[in-house]
Amino acid sequence: MTIALRGLSTAVPPTVLVQHEARDVFAGQPGLTRLAQRLVTTAFSVSGIETRRTVVDELTTAPRADAGDPVFYDQASGELLMPGTKVRNERYAEHAAALYLEAGGAALDATPGIEASDVTHVITVSCTGFYAPGPDFQLARDLGLPAGVQRYHLGFMGCYASLPALRLARQLCEADASAVVLVVSVELCTLHLRTSNDPDTIVATSLFADGAGAGIVTARPLEPGERAFDLDRFSTRITPNGEGDMAWRIGDHGFEMVLSNAVPSIIGEHITGALEPLFEGEPTLAEALANDAAGDAIEHWAIHPGGRSILDKVEARLGLGETQLDPARETLREFGNMSSATVLFVLRRILDDPAAADGDLVAAMAFGPGLTVETALLTVRG
């Protein structure tokens, strides 16, 4: 049975953060040490990011006609403020609901032959906020899904969570050939940005952004002219070290991200081992991986752009061609790191590329707390 990811769609909030403007704001905060100021300037400048999107319209340096009392950023003084976790999470509930609906509705609209009434399961993904009834409930209500639709939420897993969501969707379709699964990821990372002298916090602040991705997973056959991905197989690997190098905790002033500069090296050390179980039973792929030539055997690579240094390490370790990382690097440049939603943006770029031909293989990979490496093998269809 062939199970496909169809109607792959993305959505972003309207406010644009220009990286060099954000750099100057964060570098100019009172209380920063000289070392922290230099770290901010360096981290933002070498991130590979030009723009990001945010639901916090206060963070833009453009004048705001309807500006009320500042909550996150005081434009008059240039000072970043420190709202509590409750305020940040209330903003999450407000803005995430709209993005879930936008992305989920777009996925349905982009999947020919599938109506809202056909959806049997909903899987929502996020690690940047909580509320109940949650986004799974709101999607069922606002999209007019069947009253008996089954709902699941994968929460607080971090940047890799969209791949387990697609794996779960595939398993649901394997168990029920008539299943139609709506998968939606929404991450509002900028709600948790803050000024700090801590190097890990500075790196996280230079990278994270807001965005949403969604798709339909089903065994129903594609319509004529439709483009999609076959979901061939998935694998997961927990590295033996790195548990303390990537973490996500709830603090008094939002969620606190730990992202150490050791992460790229850990990924580089274990990335081959993470791909080995994915390629089992495929002698050509296994041999290419063993010879550091995986890029010769697989045409397209959907790598989660956790940061420029991570992409550099993956490219070098796997022997990938420069253009094979273009979808990931361009996603990072234009949108930043949107946590779990980001790999869906990368996959969308590959699917939209006329050079991605019917039958081409795609290796997808995302990294998160643990340190966990999630991988998937897909095939372009249409």
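**Exercise 1.** Find which residues touch the most other members of the largest nonpolar core.

Solution. A nonpolar core is a set of buried Ala, Val, Leu, Ile, Met, Phe, Trp, Tyr and Cys residues joined through side-chain atoms within 4.5 Å. Buried means under 20% relative accessible area (1.4 Å probe, protein chains only). The largest core holds 76 residues, and those touching the most other members are Val181, Val217, Phe229, Trp301, Ile303 and Val314. A second, separate core has 45 residues, including Val184, Ile202, Ala212 and Ala214.

The model is predicted: local features need pLDDT of at least 70 and side-chain atom pairs pLDDT 80 or more, while totals for chains, interfaces and linings use all residues. Numbering starts from 1 along each chain as its sequence is written, and side-chain values use heavy atoms, without hydrogens and water.

**Exercise 2.** List what valine 181 touches, not counting residues up to four places away in sequence.

Solution. Contact means heavy atoms within 4.5 Å. The partners of valine 181 include His121, Ile123, Ala169, Leu172 and Cys173. Gly215, Ile216 and Val217 are also touched by valine 181.

**Exercise 3.** Locate the buried residues of helix 10 around its axis.

Solution. Helices are DSSP runs (H or I, at least four residues), numbered from the N terminus. In helix 10 (residues 308–318), Ile310, Leu311, Val314, Glu315 and Leu318 are buried. They lie on the same side of helix 10 because they cover an arc of only 130 degrees, taken from the directions from the helix axis to the C-beta atoms. Their packing partners include helix 7 (263–275) and helix 11 (326–335). Glycine 319 follows helix 10, with a positive phi near 65 degrees.

Methods. Buried < 20%, exposed > 50% of the residue type's maximum accessible area, 1.4 Å probe, protein only. Helix = DSSP H or I, 4+ residues; strand = E, 2+ residues; numbered from the N terminus.
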